[in-house]
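Colleague: I have a new model open and would like to learn how to read it. Could you walk me through some features?

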Amino acid sequence: MVRLLGPQDRFLSSLELRYPSVTIRSRGNAISIDGEPDEVNRVEGHIRELIDMIANGVELADSDVTEGSTITRNGGKVADVLGEAILSARGKTIRPKTAGQKNYIDAIEHTTITFGIGPAGTGKTYLAMAKAVQALQRKEVTRIILTRPAVEAGERLGFLPGTLTEKIDPYLRPLYDALNDMMDPELVPKLLATGVVEVAPLAYMRGRTLNDSYIILDEAQNTTPQQMKMFLTRLGFGSKMVITGDTTQVDLPSEISGLKLATEILDGMDDVFVAVLTSADVVRHTLVGKIVDAYTRHEQELQAKAAGRKRGAQ
């Protein structure tokens with residue numbers, strides 16, 4: 001009951017907010033629900049599924065309550081969407097926390113090339129990394145290759161000191177962080193040294209054929225069309241590719257984003273899937289989703305004004 005209700009009954013309070021037309025009370029080991037019969041049945045089903053998740057060893061999170069109510073209203077099963085563990089590492093379990101994330105990892109599982117497009121905090125890279133580590137542990141692939149374009153995010157960093165590895169390391173740091181979060185930190189350097197895990201800038205992919213590999217391209221919105229074509233044609237036998245990015249955060253100075261072009265050209269092709277995540281899939285601080293929505297509205301207003309000026313000029 002303590003795990004179901006959450007610290008200071010936080011999960012119970014979240015349930016009441018998500019189902020405002022019912023009254024939920026807890027006393028001892030019993031929960032009572034009062035309200036319209038249909039809504040009472042929804043809440044009961046949601047709570048029973050949360051209990052099943054706890055019985056299966058899942059540590060509940062706020063998203064299991066908030067996102068679970070949406071899943072329940074749509075006729076889905078909370079445990080089926082949010083209860084699947086991808087990876088257990090360093091004392092925690094990595095699993096999807098929204099229906100959009102579940103759709104994303106299912107696409108990764110069943111297609112050879114998956115595009116994960118969405119705003120910051122939707123778990124695009126993190127979940128892709130978890131699936132890659134899972135595939136390596138299952139011996140479905142023999143190595144993991146993580147890459148991203150070396151493009152500054154609106155700042156001119158100038159010439160960086162040190163060796164080539166030290167120069168590119170700041171660009172690849174987010175990938176190292178995710179890797180260390182999912183694997184034994186003492187094991188990671190050994191895997192990097194033996195080439196089982198490779199973290200490299202996108203330029204290093206040219207001229208290679210990548211067989212039996214799990215390949216993740218991060219920050220793909222900063223690739224040029226030529227770079228994206230080069231990367232996609234590296235695909236070898238027994239390999240999977242996951243390409244992640246946010247098409248609203250392009251840092252290229254002038255060229256069209258290779259990610260935007262690739263999704264337009266390849267969308268609908270067999271064994272290629274474009275998963276679109278939204279602010280509803282943000283699993284960082286609740287403010288992040290609101291910030292994403294605010295910026296989206298602002299950009300839409302600017303585009304509408306620009307279109308209006310263009311029509312006026314004509």
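Colleague: Let me start with a pair of helices. At what angle do helix 10 and helix 11 pack, and how far apart are their axes?

Modeller: Happy to help, and please keep in mind that this is a predicted model. The general idea is that two packed helices are described by the angle between their axes and the distance between the axes. Here, helix 10 (residues 225-232) and helix 11 (residues 258-266) pack at an angle of about 55°, and their axes are 8 Å apart. Helix 10 and helix 11 are therefore oblique to each other. Their crossing is right-handed.

Colleague: Which residues meet where helix 10 packs on helix 11?

Modeller: From helix 10, look for Pro225, Met228 and Leu232; they meet Gly258, Leu259, Leu261, Ala262 and Leu266 of helix 11. By character, the residues of this contact divide into 7 nonpolar, 1 polar and no charged.

Colleague: Now I would like a second pair to practise on. How do the axes of helix 2 and helix 4 cross?

Modeller: Helix 2 covers residues 10-18 and helix 4 covers residues 62-73; their axes come within 9 Å and cross at roughly 30°. That makes helix 2 roughly parallel to helix 4, because angles under 35 degrees count that way. The crossing of helix 2 and helix 4 is right-handed.

Colleague: And what kinds of residues make up the contact of helix 2 with helix 4?

Modeller: Find the residues first: Arg10, Phe11, Ser14, Leu15 and Arg18 in helix 2 meet Asp62, Val65, Thr66, Ser69, Thr70 and Arg73 in helix 4. Sorted by character, the contact of helix 2 with helix 4 has 3 nonpolar, 4 polar and 4 charged residues.

Colleague: Let's turn to single residues. Is Gln221 buried or exposed?

Modeller: For this we ask how accessible a residue is, and under 20% relative accessible area counts as buried. Gln221 has 1% relative accessibility, so this residue counts as buried. You will find Gln221 in the loop between strand 8 (213-217) and helix 10.

Colleague: What does the side chain of Gln221 pair with?

Modeller: A polar contact of 2.6 Å joins the side chain of Gln221 to the side chain of Glu219. In addition, a polar atom of the Gln221 side chain lies 3.1 Å from the backbone nitrogen of Asp246. Leaving aside residues up to four places away in sequence, Gln221 touches Thr244, Gly245, Asp246, Thr247, Gln249, Val250, Leu252, Ser257 and Leu259. One of these, Leu259, also appears on the helix 11 side of the contact with helix 10.

Colleague: Where does Ile86 sit?

Modeller: Ile86 is in the loop between helix 5 (78-82) and strand 3 (87-89). Its relative accessible area is 5%, so Ile86 is buried. Not counting residues up to four places away in sequence, Ile86 touches Ile94, Arg95, Pro96, Ile105, Leu127, Ala130, Lys131 and Gln134. Take Lys131 from that list: Ile86 and Lys131 are 45 residues apart along the chain, while their C-alpha atoms are separated by 6.7 Å.

Colleague: Next, backbone angles. What is the phi of Asp212 near?

Modeller: The general idea first: most residues other than glycine have a negative phi. Asp212 has a positive value, near 50°, and is not glycine. Asp212 is found in the loop between strand 7 (197-201) and strand 8, and at 37% relative accessibility this residue counts as partly exposed.

Asp271 also has a positive phi, of about 65°, although it is not a glycine. Look for Asp271 in the loop between helix 11 and strand 10 (272-276); its relative accessible area is 41%, so Asp271 is partly exposed.

Colleague: How accessible is Asp270?

Modeller: Asp270 counts as exposed, at 71% relative accessibility. Asp270 is found in the loop between helix 11 and strand 10. The C-alpha atoms of Asp270 and Ile113 are separated by 9.6 Å, although the two residues are 157 apart along the chain.

Colleague: Let's finish with the whole chain. How many helices and strands are there?

Modeller: The protein chain has 12 helices and 10 strands. Its C-alpha trace spans about 65 × 60 × 40 Å along the principal axes. Of the 314 residues, 44% are buried. Among contacts between residues at least 6 apart in sequence, 68% join residues at least 24 apart.

Note on methods:
Residues are numbered from 1 along each chain as its sequence is written. This is a predicted model: local features need pLDDT of at least 70, side-chain atom pairs count only at pLDDT 80 or more; totals for chains, interfaces and linings use all residues. Side-chain values use heavy atoms; hydrogens and water are left out. Axes are lines fitted to C-alpha atoms, for helices over the stretch in contact, and angles run from 0 to 180 degrees between N-to-C directions. Helices (H or I, at least four residues) and strands (E, at least two) are DSSP runs, numbered from the N terminus. Angles under 35 degrees count as roughly parallel, over 145 as roughly antiparallel, 65 to 115 as roughly perpendicular and the rest as oblique. A crossing is left-handed if the near helix is turned anticlockwise from the far one by less than a right angle, and right-handed if clockwise. Contact means heavy atoms within 4.5 Å. Ala, Val, Leu, Ile, Met, Phe, Trp, Tyr, Cys and Pro count as nonpolar, Asp, Glu, Lys and Arg as charged, and the others, Gly among them, as polar. Buried means under 20% relative accessible area, exposed over 50%, partly exposed in between (1.4 Å probe, protein chains only). A polar contact is a pair of N or O atoms within 3.5 Å; within protein, one must be able to donate a hydrogen and the other to accept it, and residues adjacent in sequence count only if both atoms are side-chain atoms.
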